[in-house]
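This report describes a protein chain together with its bound ligand. The account begins at the ligand site and then turns to the chain and to selected residues.

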Amino acid sequence: MTSANQPSAGAVDAEKAVAQRIQKVGTVAIRDANRPLKSGEEVYKAQCVACHATGKAGAPKFGDAGAWAPRIKTGFEALWQSALKGKGAMGAQAGGDFEDVEIGKAVAYMTTAVGGKFAEPAAPAAAASAPEAAATAAK
Ligand code: HEC
């Protein structure tokens, strides 16, 4: 019988469980994952307009095809990653009020305004219920 060891093993598990619960509250419960995704335009107006409307800090200005053209050539993924992680004077745009996919929609919105042909990124597979959405996510 090794029952003498069991209470302490149980205590460690309980501690771990508490730590996991705390972590969950601290990192996950900030955004409402079930709200409908915002459009690229809504995200732009809420979070990107401050710099991209005027070209502040060297930001490629909304509607300025010349400023956007060389960036568009790098491809949608590269632009999306730049927006999520930050680039130069632009801080990371991920981790705020919007999901990563919503930041991607804002990138599509801004590039479409200057003749870009990028499709909006699809919602994450877990959130997709329609078969067409699942098919798009699986591509
Ligand atoms: C604090 C000002 C600021 C905000 C807010 C901001 N940006 Fe930027 N953004 C910049 C600047 C400055 C650059 C140019 C960075 C460089 O090339 O050095 C830039 C560049 C970009 C680029 C081009 C990246 C590349 O790889 O060339 C994209 C795409 C972009 N921003 C998207 C967004 C989106 C989407 C939002 C809103 C969710 C946003 N930005 C919010 C300042 C900002």
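In this predicted model, the ligand occupies the largest pocket. Helix H2 (40-52), helix H3 (65-72), H4 and H5 are the elements that each contribute two or more residues to the shell around the ligand. That shell comprises 14 nonpolar, six polar and two charged residues. Of the 22 residues around the ligand, those that come nearest are Cys48, Cys51, His52, Ser82 and Met90.

Three side chains place a polar atom at a short listed distance from an oxygen atom of the ligand, as set out below.

| Residue | Partner | Distance |
|---|---|---|
| Arg71, polar side-chain atom | oxygen atom of the ligand | 2.7 Å |
| Ser82, side-chain N or O atom | oxygen atom of the ligand | 2.7 Å |
| Lys87, polar side-chain atom | oxygen atom of the ligand | 3.2 Å |

**The chain as a whole**

The secondary structure consists of six helices and zero strands, so that the order of elements from the N terminus reads α-α-α-α-α-α. Of the 139 residues in the chain, 22% are buried. When contacts between residues at least 6 apart in sequence are considered, 54% of them join residues at least 24 apart.

**Helix H4 and the loop that follows**

Leu84 is located in helix H4. With a relative accessible area of 11%, Leu84 is buried, because the value falls under 20%. Its C-alpha atom is separated by 6.9 Å from that of Asp100, a residue 16 positions away along the chain. Beyond its neighbours within four places in sequence, Leu84 is in contact with Ala92, Gln93, Ala94, Asp100 and Ile103.

Gln93, one of these contacts of Leu84, belongs to the loop between helix H4 (76-85) and H5. Gln93 is also buried, at a relative accessible area of 18%. A polar atom of the Gln93 side chain lies 2.9 Å from the backbone oxygen of Gly91. Residues up to four places away in sequence being set aside, Gln93 touches Gln47, Ala83, Leu84 and Ile103. Ile103 is thus listed among the contacts of Leu84 and among those of Gln93.

**Glu102 in helix H5**

Glu102 lies in helix H5, which spans residues 100-112. Is this acidic side chain's residue buried or exposed? Glu102 counts as buried, because its relative accessibility is 0% and the cut-off for a buried residue is under 20%. The Glu102 side chain reaches the backbone nitrogen of Lys38 at 2.6 Å. Lys38 also appears in the list of residues in contact with Glu102 that lie outside its neighbours within four places in sequence; the others in that list are Arg35, Pro36, Leu37, Val43 and Asp97.

**Ala57 between H2 and H3**

The loop between H2 and H3 contains Ala57. Although Ala57 is not a glycine, its phi is positive, at about 60 degrees. Most residues other than glycine have a negative phi. Ala57 is exposed, because its relative accessible area of 63% is over 50%.

Note on methods:
Residues are numbered from 1 along each chain as its sequence is written. This is a predicted model: local features need pLDDT of at least 70, side-chain atom pairs count only at pLDDT 80 or more; totals for chains, interfaces and linings use all residues. Side-chain values use heavy atoms; hydrogens and water are left out. Helices (H or I, at least four residues) and strands (E, at least two) are DSSP runs, numbered from the N terminus. Buried means under 20% relative accessible area, exposed over 50%, partly exposed in between (1.4 Å probe, protein chains only). A polar contact is a pair of N or O atoms within 3.5 Å; within protein, one must be able to donate a hydrogen and the other to accept it, and residues adjacent in sequence count only if both atoms are side-chain atoms. Contact means heavy atoms within 4.5 Å. A residue is near a molecule or strand if one of its heavy atoms lies within 4 Å of it. On a 1 Å grid over the protein atoms alone, a cavity is a set of points where a 1.4 Å probe fits but cannot get out, and a pocket is an open set with protein on both sides within 12 Å along at least five of seven lines; lining residues have an atom within 4 Å of a point. A molecule sits in a cavity or pocket if more than half of its atoms lie within 2 Å of its grid points. Ala, Val, Leu, Ile, Met, Phe, Trp, Tyr, Cys and Pro count as nonpolar, Asp, Glu, Lys and Arg as charged, and the others, Gly among them, as polar.
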